[in-house]
Amino acid sequence: MDFQHLRKSWVSWIGLLFLVGCSVPVRSEQVQVRVERVISGNTLEVRDLSASGAVKRVRLIGIEAPDLQQNPWGNAAKQQLKRLIEGQTLLLEWDIEKEDGYDRQLAYLWRDGKLVNEELIAGGYVLAQMRSPNLKYDRRFTQAQEQARIMGEGIWDSQTPLRVHPSDFRQNRP
């Protein structure tokens, strides 16, 4: 083997490694589901379209929806989630922690290549709420919330802003 051939081979391998390193990361562990019911602005029931066909309750990661009793924002978040996904076939994607203390699966929800969790934040329907260890899209969520806040979308509207954080509202409810 001559030096030129060895050099070309080496350069080809370096180029291949560069392309692989720059490629878009593949989403991990996804499952196809059909939406059965939207419960609130951050919780829904889905039917797993794999062999099991089980119905599962899912809590969307990275968002905090206003409580349903926080009018008008809680119902607006629920209705927007319904408009975006009800009756559709979607993809669920998990992060590190897969369930919460209420037996709900924790997941990101994808519709037509768009991250629904992020769409809800960008529209001002929900707050970005990062909870370790599930931080895969925290930068995207933070940027979407900042944009919604600047644009005065939904809960950020200066005429009718959300004045009490949903967790504080639930904690102080009789």
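## Confidence of the model

This is a predicted model, and the mean pLDDT of the protein chain is 87. A value of 70 or more is reached by 83% of the residues. Over residues 10-27, however, the pLDDT is below 50. Beyond near neighbours in sequence, that stretch has 4 contacts in the model. Where pLDDT is low, the predicted coordinates should not be read in detail.

## Overall layout

The protein chain contains 5 helices and 8 strands. Read from the N terminus, the order of elements is α-β-β-β-β-α-β-β-β-α-β-α-α. Of the 174 residues in the protein chain, 38% are buried. Among contacts between residues at least 6 apart in sequence, 62% join residues at least 24 apart.

## Strand pairing

Strand β1 (30-38) pairs with β2 (43-48). The two strands run antiparallel and are joined by 5 bridges, one partnership being that of Arg-37 with Glu-45 in β2. A hairpin connects β1 to β2 through 4 residues. β1 is also joined to β5 by 5 bridges, again in the antiparallel sense. Here Gln-32 has Leu-91 of β5 as its bridge partner.

Strand β5 (residues 89-93) in turn pairs with β6 over 3 bridges, antiparallel. Glu-93 has Tyr-108 of β6 as its bridge partner. Strand β3 (residues 55-60) is joined to β6 by 3 bridges as well, but these two strands run parallel. In this pairing the bridge partner of Leu-60 is Ala-107 in β6. A further pairing links β6 to strand β7 (residues 114-115), with 2 bridges and an antiparallel sense. Arg-111 is bridged to Lys-114 of β7. β6 and β7 form a hairpin with 2 residues between them. In its turn, Asp-112 has a positive phi of about 50°.

## Burial of strand β6

How many residues of β6 (residues 105-111) are buried? The count is 7 of 7. In a regular strand the side chains alternate between the two faces of the sheet. In β6 both faces are covered. Gln-105, Ala-107, Leu-109 and Arg-111 are buried on one side, and Leu-106, Tyr-108 and Trp-110 are buried on the other.

The pairings place β6 beside β3, β5 and β7. β6 is also among the elements that cover the buried residues of α2.

## Helix α2

Helix α2 (residues 73-85) has 13 residues. From its first C-alpha to its last it reaches 18 Å, close to the 18 Å expected at 1.5 Å a residue. Its buried residues are Trp-73, Gly-74, Ala-77, Lys-78, Gln-80, Leu-81, Leu-84 and Ile-85. Seen down the axis of α2, these residues fall within an arc of 165°, so they line one face of the helix. An α-helix has 3.6 residues a turn, so residues three or four places apart point the same way.

What covers this buried set? The covering elements include β1, β2, β3, β5, β6 and α3 (116-122). Just after α2, Gly-87 takes a positive phi of about 75°.

## Aromatic contacts around Tyr-108

The count of aromatic pairs comes to 4. One of them joins Tyr-108 and Tyr-137 in an edge-to-face arrangement, 4.7 Å centre to centre with 90° between the planes. Tyr-108 lies in strand β6 and Tyr-137 in the loop between β8 (127-128) and α4 (138-151), so the pair ties together parts that are 29 residues apart in sequence. Tyr-108 is buried at 1% relative accessibility, and Tyr-137 is buried with a relative accessible area of 11%.

Tyr-108 also pairs with Phe-141: the ring centres are 6.2 Å apart and the planes are at 55°, so this pair is tilted. The pair links distant parts of the chain, with Tyr-108 in strand β6 and Phe-141 in helix α4, 33 residues apart. Both Tyr-108 and Phe-141 are buried. Tyr-108, Trp-110, Tyr-137 and Phe-141 form one aromatic cluster. Tyr-108 and Trp-110 both belong to the same buried side of β6. Tyr-108 thus takes part in the aromatic cluster and in the bridge to Glu-93.

How values were computed
Residues numbered from 1 in each chain as written. Predicted model: local features only at pLDDT ≥ 70, side-chain atom pairs only at ≥ 80, totals over all residues. Heavy atoms only, no water. Buried < 20%, exposed > 50% of the residue type's maximum accessible area, 1.4 Å probe, protein only. Pairing = 2+ DSSP bridges. Expected span 1.5 Å × (residues − 1). Arc of directions from axis to C-beta. Contact = heavy atoms within 4.5 Å. Phe/Tyr/Trp six-rings, centres within 6.5 Å; stacked < 30°, edge-to-face > 60°. pLDDT = per-residue confidence, 0-100.
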